[in-house]
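Me: I should like to learn how to read the features of a protein structure that is new to me. Could we work through them one at a time?

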Amino acid sequence: MPEKIYMVCENCGCEEMEVLKKKIYDKSAYYLVKCPNCGTVKEVIDKVKLNQAKLIISRYDISESKVINIPEDETYKVGDIINIDGEDIEITKIETPEPVKSALGRDVKYIWGKSLSIPKKLGISINDKSKTYGIYIYVPNDFEFEVDKVYKINDGFFKLKKIKAEKGFPKKAKAKNIKRLYGEVVKPVRNYIDISEFYREE
């Protein structure tokens, strides 16, 4: 669902605009908005009050810390995606300094997030009856896995038996929401999904 802001359309009088693009500069915000009623598109530059917050970005096993300026009147929520210097970051934790699920920018002290602009490092536990071994793949964040589907890595095939996600054990999930995959070795089949390109030896 597109973000909406209160703004009167000069063409038809509609009092709500859809935000097509937004960029925060030093002490100002740029908006490209569209009227959902008549389709009028316009650019708006608005002065904003900014608050400094510390952002900790997780990229695999490495974290980067930086100070960012965020609008005081904007609401930030765990699960939101923010763009910082061209990198999409999914917010995983907010502190004010107490841990909260959402907060206005003026109250935010720390934001933790994971980068969505790099592939997701995903561990797979594969059982071949005699033993279980672990491997890693690096897949696009929106790549979807499904239980009972057969996947191929190089010359090996495995059936996906379980998905451990951020919330529970779904039958289907996108990589960005998955903590770990569990599979078992199977014989080669005709219908499979080849994920060999995502595999890296560790």
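Me: Which residues lie nearest the centre of the second largest pocket?

Reply: The model is predicted. In it, the second largest pocket has a lining of 24 residues, and those nearest its centre are Glu90, Thr92, Lys114, Lys120 and Glu166. The space in this pocket is about 610 Å³.

Me: Which strands supply at least two residues each to the lining of the second largest pocket, and which of them gives the most?

Reply: Strand E5 (50–59), strand E9 (87–95), strand E12 (110–115) and strand E13 (120–127) each supply at least two residues. E9 gives the most, with three residues. Sorted by class, the lining holds nine nonpolar, six polar and nine charged residues.

Me: What is the volume of the largest pocket, and which residues are the closest to its centre?

Reply: The volume of the largest pocket is about 820 Å³. Its lining has 24 residues, and Lys22, Ile24, Glu74, Ile82 and Asn83 are the closest to the centre. At least two lining residues come from each of strand E2 (16–25), strand E6 (62–71), strand E7 (75–77) and strand E8 (81–84). The largest share, six residues, is that of E6. By class, this lining comprises 10 nonpolar, three polar and 11 charged residues.

Me: Let us turn to the sheet. In what order do the strands of the seven-stranded open sheet stand?

Reply: The order is E20-E16-E17-E19-E13-E14-E21, with mixed pairing. Strand E20 (193–194) and strand E21 (199–200) are at the edges; each has a single partner strand, so one side of each lacks a neighbour in the sheet.

Me: In which sense do strand E16 and strand E17 pair?

Reply: Strand E16 (residues 150–153) pairs with strand E17 (residues 156–165) in the antiparallel sense, over four bridges. Lys152 stands opposite Phe157 in E17.

Me: As a last case, where is Asn37 placed, and is Asn37 buried or exposed?

Reply: Asn37 is in the loop between strand E3 (28–34) and strand E4 (41–47). A residue is called exposed when its relative accessible area is over 50%. Asn37 has 57% relative accessibility and therefore counts as exposed.

Me: Which residues does Asn37 touch, if those up to four places away in sequence are not counted?

Reply: On that basis, Asn37 touches Cys12 and Cys14. Sequence separation and distance in space are two separate readings. Asn37 and Cys9 are 28 residues apart in sequence, and their C-alpha atoms are 9.0 Å apart in space.

How values were computed
Residues numbered from 1 in each chain as written. Predicted model: local features only at pLDDT ≥ 70, side-chain atom pairs only at ≥ 80, totals over all residues. Heavy atoms only, no water. Pairing = 2+ DSSP bridges. 1 Å grid on protein atoms, 1.4 Å probe; cavity = no way out; pocket = protein on both sides within 12 Å on 5 of 7 lines; lining within 4 Å. Points joined across faces, edges and corners; volume = space filled by probe spheres on them. Nonpolar A, V, L, I, M, F, W, Y, C, P; charged D, E, K, R; others polar. Buried < 20%, exposed > 50% of the residue type's maximum accessible area, 1.4 Å probe, protein only. Contact = heavy atoms within 4.5 Å.
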